[in-house]
Amino acid sequence: MPFVDLPPETADELVKLSVLAPVMIIRAALPGMVKRGDGAVISVSSLLAVSGGVDVAILPKRAVYAGSKAFMLTFMQLLAVELKETGVRAVVVCPGQVKTEFHSRQGIDLSQSPRMEPEDVVRASLVALAQGEVICVPALEDRALLEEHARAEMNLMMVGRNAVLADRYTK
């Protein structure tokens, strides 16, 4: 549903469920893990977290949903960095379409679309944790794509160090 048509209470509930609840749960669990020097946090985001610049008709209107999933992706990546020396690990899982009631409850029929089994998503997240991955994309064969994405993010961040207005904004 387009953002302008989304009832405020629906947007509020979505943000509470997708952002606030996981952050609060993780915040409650972390001190004990850090104190023990051992533990892991696995959170679920979505491949839609990286869909902000993708404008194709087959994707749903998703500003709040994808925005909340983008928050979780970034939050978990940065949390993994903050936890690096503590013995606690963090993984964020970004599955594509999974065989759950998620779509059918919204009246979307994906019965003819390929979807991953929930058990496979769980298996992938546990293997990612064991392998030291921070971002787990269960269907992704070539990790080089994630590495390329990380390099692009770093290059974009480095532009921010330039305190000179870009020429294209001076005309």
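Here are legends for three close-up views of this predicted model.

**View 1. The second largest pocket and the residues around its centre.** Let's start with the open space: the second largest pocket has a volume of about 610 Å³. Its lining is made up of 23 residues, and those closest to the centre are Gln77, Leu78, Ala80, Val81 and Val134. Three elements each give two or more residues to this lining: α2 (63–82), β2 (88–93) and α4 (144–159). The biggest share comes from α4, which provides 6 residues. Sorted by class, the lining of the second largest pocket holds 14 nonpolar, 5 charged and 4 polar residues.

**View 2. Strand β1 and its pairing with β2.** Follow the side chains along β1 (residues 39–44) and you will see them alternate between two faces. Gly39, Val41 and Ser43 point to one face and are buried. Ala40, Ile42 and Val44 point to the other face and are not buried. Strand β1 runs parallel to β2, and the two pair over 6 bridges. For a single example of a bridge partner, look from serine 43 to valine 92 in β2.

**View 3. Serine 125 in helix α3.** Here the focus moves to α3 (residues 118–131), the helix that holds serine 125. Is this serine buried or exposed? Serine 125 counts as buried because its relative accessible area is 7%, below the 20% cut-off. Setting aside neighbours within four places in sequence, serine 125 is in contact with Ile42, Val91, Val93 and Cys136.

Technical notes: Residues are numbered from 1 along each chain as its sequence is written. This is a predicted model: local features need pLDDT of at least 70, side-chain atom pairs count only at pLDDT 80 or more; totals for chains, interfaces and linings use all residues. Side-chain values use heavy atoms; hydrogens and water are left out. On a 1 Å grid over the protein atoms alone, a cavity is a set of points where a 1.4 Å probe fits but cannot get out, and a pocket is an open set with protein on both sides within 12 Å along at least five of seven lines; lining residues have an atom within 4 Å of a point. Grid points are joined across faces, edges and corners, and a volume is the space filled by probe spheres set on the points. Helices (H or I, at least four residues) and strands (E, at least two) are DSSP runs, numbered from the N terminus. Ala, Val, Leu, Ile, Met, Phe, Trp, Tyr, Cys and Pro count as nonpolar, Asp, Glu, Lys and Arg as charged, and the others, Gly among them, as polar. Buried means under 20% relative accessible area, exposed over 50%, partly exposed in between (1.4 Å probe, protein chains only). Two strands pair if DSSP finds at least two bridges between them. Contact means heavy atoms within 4.5 Å.
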